[in-house]
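I opened this entry to keep a record of what I looked up, in the order in which I looked it up. Confidence comes before everything else.

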Amino acid sequence: MLNNSENSNGSQRALYEFVEELYPICRSITGDGVRATLRTIAREIPIEIKEVPSGTHVLDWTVPREWNIRDAWIKDAQGRRVVDFRAHNLHVVNYSVPVNARLTLDELLPHLHTLPDNPDWIPYRTTYYDEAWGFCLSQRQLEALLPGEYEVVIDSELKVGALVYGELVLPGTSDDEILISTHVCHPSLCDDNLTGISISVNLAREMLGRTDRRHTLRFLYAPGTIGAITWLHQNRDTAHRIKHGLTLTCLGDNHPFTYKRTVTGKAEIDHVVEHVLAHCGLPHQIIEFFPYGYDERQYNSPGFRLAVGSLMRGRHGQFPEYHTSGDNLDFISDERMRESYELILSILETLDGNRTYRNTAPYGEPQLGARGLYRALGGTSIPNLQLAMLWTLNLSDGQNSLLDIARRAGISFHSVRTAANLLVEHELLVDA
Ligand code: ZN
């Protein structure tokens, strides 16, 4: 389906396995789960890990106290753990304050969260900015609770500590940057967003081996919202170098691709993603920007206006498994993750290969046969290459980028880029 996978075999092998490895870790917006996740990423790619102390003012926010949890349970009168954090880390409302109490069922009920419509799944709930506590359990577990007294323990801790994030910058020949941003704050949930982390890490590893790059690539692994806000605060003066970006999320499920545009909807990243999707042969849809969802809303805020779109398969909040224990290792597949990986690799290659040229023989059509170009076309299986060459010669007046040409011609960028390479080689195109 895509033409650029020849060099990427090594990077793809670990997509699903990496999710499996990260799945058991109890992450949150701060704490040791994020540190463990970043250490695991650091084993694969040389990220820099940064710690920002609790209480630091970041844009309009404050870095919260750090949350860690050792254990939690609800025990019945017989001392049995009827709800057990060790069985699933979604059982505790993320960021719950510590508790150690004996409560009747009626007293306990307001602290329990279930999904009556999906009675076997545990919901994912958080209480980052409210001091509260709670448990999440399946509706079936709830229905099995008998009246009586329960021992309720959450062995957690909120203390002055740090927010942690990781990033990797791979310099290109230009300061212009492409940002790939993924959140790292969700506990045992796969599609949202261990698939994004795994794909980003594997892309970074692939790009480590490629040095012929114009753009600087920045891979960011930060907790949702507060992590992106912290990063933007710390990079306020240089953030404008980000010319194109994507947040990656929910990329391993069976839904068609969805691309959410940047706030203007007219950025180069919008045109590139839409073009690559149109030529990938897979079902997809394009949706407009809205200020919710993932960290694209921080990057697109009016003070920054960074052209960051969002690529996903299943959409935020729009599939039943979203933010439940149904978003598990069975909900995603290596095959869907590989498709996502190839698609994003193609997007990165298109962004980097999108140049504007000038035809050096613009008076009439240059004689392609005499210049050996028909011979050069002969040995290749790239579709529409001859037509791509004619379009590229015609539109390379210094005004149209190769992507503009591909869009106008209805030919894949890969074919136009290949044609342009031949024309540059034969001195019929120069940088505009
Ligand atoms: Zn989420």
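Confidence. I noted that this is a predicted model, and that its protein chain averages a pLDDT of 95, with 97% of the residues scoring at least 70. I then looked for the weak stretch and found that pLDDT stays under 50 over residues 1-12, for which the model nevertheless has 32 contacts beyond four places in sequence. I read those contacts with the low score of residues 1-12 in mind.

Metal site. Which protein atoms serve as donors of the zinc ion? I found NE2 of H186, OD of D192 and NE2 of H323, lying 2.0 to 2.1 Å from the zinc ion. Along the chain I wrote the spacing of these donors as H-x5-D-x130-H. When I checked accessibility, H186 came out as buried, and D192 did as well.

Cysteines. How many disulfides does the count come to? I recorded 0 disulfides, and I went on to ask why C190 is without such a bond. The sulfur of C190 has its closest cysteine sulfur in C250, and because the two are 11 Å apart, they are too far from each other for a bond, the cut-off for a disulfide being 2.5 Å. Looked at from the other side, C250 is likewise in no disulfide, the nearest cysteine sulfur being that of C190, 11 Å away.

Accessibility of the cysteines. Are C190 and C250 buried or exposed? C190 counts as buried because its relative accessibility is 0%, and C250 counts as buried at 0% relative accessibility, where the cut-off for buried is under 20%.

Terms used: Residues numbered from 1 in each chain as written. Predicted model: local features only at pLDDT ≥ 70, side-chain atom pairs only at ≥ 80, totals over all residues. Heavy atoms only, no water. pLDDT = per-residue confidence, 0-100. Contact = heavy atoms within 4.5 Å. Donors = N, O, S within 2.8 Å, 3.2 Å for Na, K, Ca; no water. Buried < 20%, exposed > 50% of the residue type's maximum accessible area, 1.4 Å probe, protein only.
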